[in-house]
Amino acid sequence: GPGPARALAANSKPRTVQGGAVYTTPFAPNVMSVQIMLNTDGRPLNARIELLQGPNNNKQVMEVYCEDGMDRPFYVVVETPGDGNVVRIVNTATLEYPLSAHVEAF
(Lines give C-alpha, C1' and ligand atoms only; values in the text may rest on other atoms or scores of the structure.)
Protein backbone atom coordinates (compact mmCIF):
# COMPACT_ATOMS: atom_id res chain seq x y z
CA GLY A 1 0.00 0.00 0.00
CA PRO A 2 0.99 3.65 -0.07
CA GLY A 3 3.59 4.57 2.51
CA PRO A 4 3.57 7.72 4.65
CA ALA A 5 5.60 9.69 2.09
CA ARG A 6 3.02 9.06 -0.64
CA ALA A 7 0.18 9.88 1.74
CA LEU A 8 1.88 13.17 2.64
CA ALA A 9 2.39 14.05 -1.03
CA ALA A 10 -1.22 13.21 -1.86
CA ASN A 11 -2.80 15.04 1.09
CA SER A 12 -0.78 18.22 1.43
CA LYS A 13 -0.03 21.16 -0.80
CA PRO A 14 3.68 21.55 -1.56
CA ARG A 15 5.48 24.82 -1.01
CA THR A 16 7.92 25.77 -3.77
CA VAL A 17 11.27 26.92 -2.37
CA GLN A 18 13.45 28.62 -4.96
CA GLY A 19 17.20 28.13 -4.99
CA GLY A 20 18.74 30.25 -2.22
CA ALA A 21 15.40 30.74 -0.47
CA VAL A 22 14.18 29.71 2.99
CA TYR A 23 10.78 28.36 4.01
CA THR A 24 9.95 28.56 7.73
CA THR A 25 7.03 26.83 9.48
CA PRO A 26 6.26 27.10 13.19
CA PHE A 27 4.48 24.27 15.00
CA ALA A 28 2.19 24.32 18.05
CA PRO A 29 3.50 22.84 21.33
CA ASN A 30 1.10 19.89 21.06
CA VAL A 31 2.76 18.70 17.82
CA MET A 32 5.06 15.87 18.90
CA SER A 33 6.57 15.14 15.49
CA VAL A 34 6.74 16.64 12.02
CA GLN A 35 6.97 14.91 8.63
CA ILE A 36 8.97 16.54 5.88
CA MET A 37 9.23 15.57 2.23
CA LEU A 38 11.45 17.34 -0.29
CA ASN A 39 11.39 16.66 -4.02
CA THR A 40 12.20 18.26 -7.36
CA ASP A 41 11.09 17.96 -10.98
CA GLY A 42 13.98 15.57 -11.66
CA ARG A 43 16.82 17.99 -11.09
CA PRO A 44 19.27 17.61 -8.18
CA LEU A 45 18.06 18.36 -4.66
CA ASN A 46 20.36 20.31 -2.31
CA ALA A 47 18.82 21.40 0.96
CA ARG A 48 19.32 21.96 4.65
CA ILE A 49 16.55 21.10 7.10
CA GLU A 50 16.82 22.89 10.44
CA LEU A 51 14.77 22.21 13.54
CA LEU A 52 14.86 25.25 15.80
CA GLN A 53 13.48 25.43 19.31
CA GLY A 54 13.08 28.86 20.81
CA PRO A 55 14.92 31.91 19.44
CA ASN A 56 17.84 30.87 17.20
CA ASN A 57 18.42 27.61 19.01
CA ASN A 58 19.45 24.94 16.48
CA LYS A 59 18.32 21.56 17.80
CA GLN A 60 18.92 19.50 14.68
CA VAL A 61 20.33 20.16 11.22
CA MET A 62 20.22 17.79 8.24
CA GLU A 63 22.09 18.36 4.99
CA VAL A 64 20.24 16.65 2.14
CA TYR A 65 21.52 15.87 -1.34
CA CYS A 66 20.21 13.65 -4.07
CA GLU A 67 20.91 13.59 -7.76
CA ASP A 68 17.27 13.29 -8.84
CA GLY A 69 14.62 14.63 -6.47
CA MET A 70 11.78 13.07 -8.45
CA ASP A 71 13.09 9.49 -8.50
CA ARG A 72 14.44 9.82 -4.96
CA PRO A 73 12.40 12.26 -2.91
CA PHE A 74 13.66 12.78 0.64
CA TYR A 75 11.25 11.91 3.47
CA VAL A 76 11.86 12.13 7.21
CA VAL A 77 9.90 12.29 10.47
CA VAL A 78 11.46 14.47 13.17
CA GLU A 79 10.40 14.45 16.81
CA THR A 80 9.48 17.94 18.07
CA PRO A 81 8.80 17.76 21.81
CA GLY A 82 8.43 21.00 23.77
CA ASP A 83 7.47 24.56 22.88
CA GLY A 84 8.51 26.90 20.12
CA ASN A 85 9.45 24.40 17.44
CA VAL A 86 10.16 25.82 14.00
CA VAL A 87 11.17 23.92 10.87
CA ARG A 88 13.31 25.79 8.34
CA ILE A 89 13.88 24.42 4.86
CA VAL A 90 16.83 26.08 3.12
CA ASN A 91 17.29 25.40 -0.58
CA THR A 92 21.10 25.51 -0.77
CA ALA A 93 21.10 25.11 -4.57
CA THR A 94 21.31 27.98 -7.04
CA LEU A 95 18.25 29.80 -8.35
CA GLU A 96 17.57 27.45 -11.26
CA TYR A 97 17.04 24.45 -8.92
CA PRO A 98 13.74 24.94 -7.07
CA LEU A 99 12.42 22.26 -4.72
CA SER A 100 9.00 21.36 -3.39
CA ALA A 101 8.57 21.00 0.36
CA HIS A 102 5.74 19.26 2.20
CA VAL A 103 5.90 19.99 5.94
CA GLU A 104 3.06 18.75 8.17
CA ALA A 105 2.42 17.47 11.68
CA PHE A 106 2.78 13.69 11.89
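These questions and answers walk through the strands, core and cavity of a predicted model.

Q: What is the order of the strands in the open sheet that includes S2 and has antiparallel pairing?
A: This open sheet has 4 strands, and their pairing is antiparallel. Strands of a sheet pair through backbone hydrogen bonds, either parallel or antiparallel. Read across the sheet, the order is S2-S7-S4-S5.

Q: Which strands stand at the edges of that sheet, each with a single partner strand?
A: An edge strand here has a single partner, so one side of it is left without a neighbour in the sheet. Neighbouring strands of this sheet are turned by 15 degrees against each other on average, direction ignored. The edge strands are S2 (22-27) and S5 (58-66).

Q: How many bridges join S2 to S7?
A: S7 covers residues 85-91 and runs antiparallel to S2. Thr-25 stands opposite Val-87 in S7. Thr-24 stands opposite Arg-88 in S7. The number of bridges joining the two strands is 6.

Q: Which residue in S7 is the bridge partner of Arg-48?
A: S4 and S7 pair in the antiparallel sense. Their pairing extends over 7 bridges. In S7, the partner of Arg-48 is Val-90.

Q: How many of the 7 residues of S7 are buried?
A: Buried means under 20% relative accessible area. Most of S7 passes that test, so the strand is largely enclosed by the rest of the structure. Of its 7 residues, the buried ones number 6.

Q: What is the order of the strands in the open sheet that includes S1?
A: This is an open sheet of 4 strands, with antiparallel pairing. S1 (15-17) and S6 stand at the edges, each with a single partner strand, so one side of each lacks a neighbour in the sheet. Neighbouring strands are turned by 25 degrees against each other on average, direction ignored. The order is S1-S8-S3-S6.

Q: Which residue in S8 does Val-17 stand opposite?
A: S1 and S8 run antiparallel. They are joined by 3 bridges. Opposite Val-17, in S8, stands Leu-99.

Q: Which residue in S8 stands opposite Asn-39?
A: S3 is joined to S6 by 6 bridges, and the two run antiparallel. In that pair, Val-34 stands opposite Val-78 in S6. S3 is also joined to S8 by 6 bridges, again antiparallel. Opposite Asn-39, in S8, stands Ser-100.

Q: Which strand supplies the largest share of the largest nonpolar core?
A: This core has 21 residues, and those with the most contacts inside it are Ile-36, Leu-38, Ile-49, Val-87, Ile-89 and Val-103. S2, S3, S4, S5, S6 (74-79), S7 and S8 (99-105) each supply at least two residues of it. The largest share is 4 residues, and it comes from S4.

Q: What is the volume of the largest cavity?
A: Rolling a probe the size of a water molecule over the atoms shows where empty space is left. A search of the whole structure finds 1 cavity of 30 Å³ or more. The volume of the largest cavity is about 40 Å³.

Q: Which strand gives the most residues to the lining of the largest cavity?
A: The lining consists of Val-34, Ile-36, Ile-49, Glu-50, Leu-51, Met-62, Val-78, Thr-80 and Val-87. These residues divide into 7 nonpolar, 1 polar and 1 charged. S3 (33-39) and S4 (45-53) each supply at least two of the lining residues. The most, 3 residues, come from S4.

Q: What is the separation between the C-alpha atoms of Glu-104 and Asn-91?
A: Glu-104 has its place in strand S8. It is partly exposed, because its relative accessible area is 34%. Along the chain, Glu-104 and Asn-91 are 13 residues apart. Their C-alpha atoms are separated by 18 Å.

Q: How far apart in space are Pro-14 and Pro-98, C-alpha to C-alpha?
A: Pro-14 lies in the loop between helix H1 (4-11) and S1. At 43% relative accessibility, Pro-14 counts as partly exposed. In sequence, Pro-14 and Pro-98 are 84 residues apart. In space, C-alpha to C-alpha, the distance is 12 Å.

Definitions and conventions: Residues numbered from 1 in each chain as written. Predicted model: local features only at pLDDT ≥ 70, side-chain atom pairs only at ≥ 80, totals over all residues. Heavy atoms only, no water. Pairing = 2+ DSSP bridges. Axes fitted to C-alpha atoms, helices over the stretch in contact; angles between N-to-C directions. 1 Å grid on protein atoms, 1.4 Å probe; cavity = no way out; pocket = protein on both sides within 12 Å on 5 of 7 lines; lining within 4 Å. Points joined across faces, edges and corners; volume = space filled by probe spheres on them. Nonpolar A, V, L, I, M, F, W, Y, C, P; charged D, E, K, R; others polar. Core = buried A, V, L, I, M, F, W, Y, C linked by side-chain atoms within 4.5 Å. Buried < 20%, exposed > 50% of the residue type's maximum accessible area, 1.4 Å probe, protein only.
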